[in-house]
Amino acid sequence: MLESAEIVLQKYTSKDIPLLFEAIQVSIDRVYPWLPWCHPNYTIAETETWIKTRPQRWNEGKEFGYSIRDRQGTIVGGCGIGIRSSPWYGNLGYWLRTGYTKKGYATTATKLLAMFGVQQLQLKRIEIVASVKNIDSQRVAQRAGACKEGISRNKLLIHAEFHDAVIY
């Protein structure tokens, strides 16, 4: 568990399946344009399958995912670090539930995750990759203190459409 005064980042458990599914359902309109896993026909079975794979992915050192919760315990989003090509390099991502944006939750989660990545995972490089059209995600990266490095052409494929991406 990682925490600040405002939020708690917790590893997912099977008890989170209905709570996470609900958070995703109310957020599809906001999240769908930016994340390939989110779509209008998203099912609870997809949530269940995803949560059940978390312990294995964590133990393999491939993905370190957390729910973002407010101090009342409501799942207000998700975040994590995925280890891609090298054990010293990770990709940090986040999404927020509709109604919980612009409260600093994603920025705080990003800072907590970055510290976890450097201190616990001993990463030397952590990237945030966001579509050039996803201004909210870019603002989170900037507020968290990430350094903008540039734009990578056709970096993201989201719902059969290529997006140029800003790399932080």
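## Close-up views of two sheet regions

**View 1. Strand 9 meets strand 7 at A130, whose bridge partner in strand 9 is V166.** Welcome to this predicted model. The pair shown here belongs to a longer meeting of strands: strand 7 and strand 9 (residues 161–167) run antiparallel and are joined by three bridges.

**View 2. Strands 7, 9 and 8 make an open, antiparallel sheet.** In this view, three strands are arranged in the order 7-9-8. Which strands stand at the edges? They are strand 7 (129–131) and strand 8 (150–158); each has a single partner strand, so one side of each is left without a neighbour in the sheet. From one strand to the next, the twist averages 45°.

**View 3. Strand 3 and strand 4 form a hairpin.** Start at strand 3 (residues 63–70) and follow the chain into strand 4: the two pair in the antiparallel sense, over seven bridges. One pairing to look for is that of S67, whose bridge partner in strand 4 is G78. Between the two strands lie four residues, and in this turn G73 has a positive phi of about 95°.

**View 4. Strand 4 continues into strand 5 by way of another hairpin.** How many residues does the chain pass through between strand 4 and strand 5? The hairpin joins them through five residues. Strand 5 covers residues 89–96, and seven bridges join it to strand 4, with the two running antiparallel. Here you can pick out G77, whose bridge partner in strand 5 is L96.

**View 5. Strand 4 is mostly covered.** Stay with strand 4, residues 75–83, and look along its length: nine of its nine residues are buried. As a general guide for viewing any strand, the side chains of a regular strand alternate between the two faces of the sheet.

**View 6. W95 sits in strand 5.** Is this tryptophan, W95, buried or exposed? W95 has 11% relative accessibility, which is under the 20% limit, and therefore W95 counts as buried. Leaving aside residues up to four places away in sequence, W95 touches L20, A23, I24, S27, V31, L35, W37, I68, V76, G77 and G78. Two of these names are familiar from the earlier views: G78 is the bridge partner of S67, and G77 is paired with L96.

**View 7. W95 and W34 are brought together in one frame.** Along the chain, these two residues are 61 residues apart. In the model, their C-alpha atoms are separated by 9.2 Å.

Technical notes:
Residues numbered from 1 in each chain as written. Predicted model: local features only at pLDDT ≥ 70, side-chain atom pairs only at ≥ 80, totals over all residues. Heavy atoms only, no water. Buried < 20%, exposed > 50% of the residue type's maximum accessible area, 1.4 Å probe, protein only. Pairing = 2+ DSSP bridges. Contact = heavy atoms within 4.5 Å. Axes fitted to C-alpha atoms, helices over the stretch in contact; angles between N-to-C directions.
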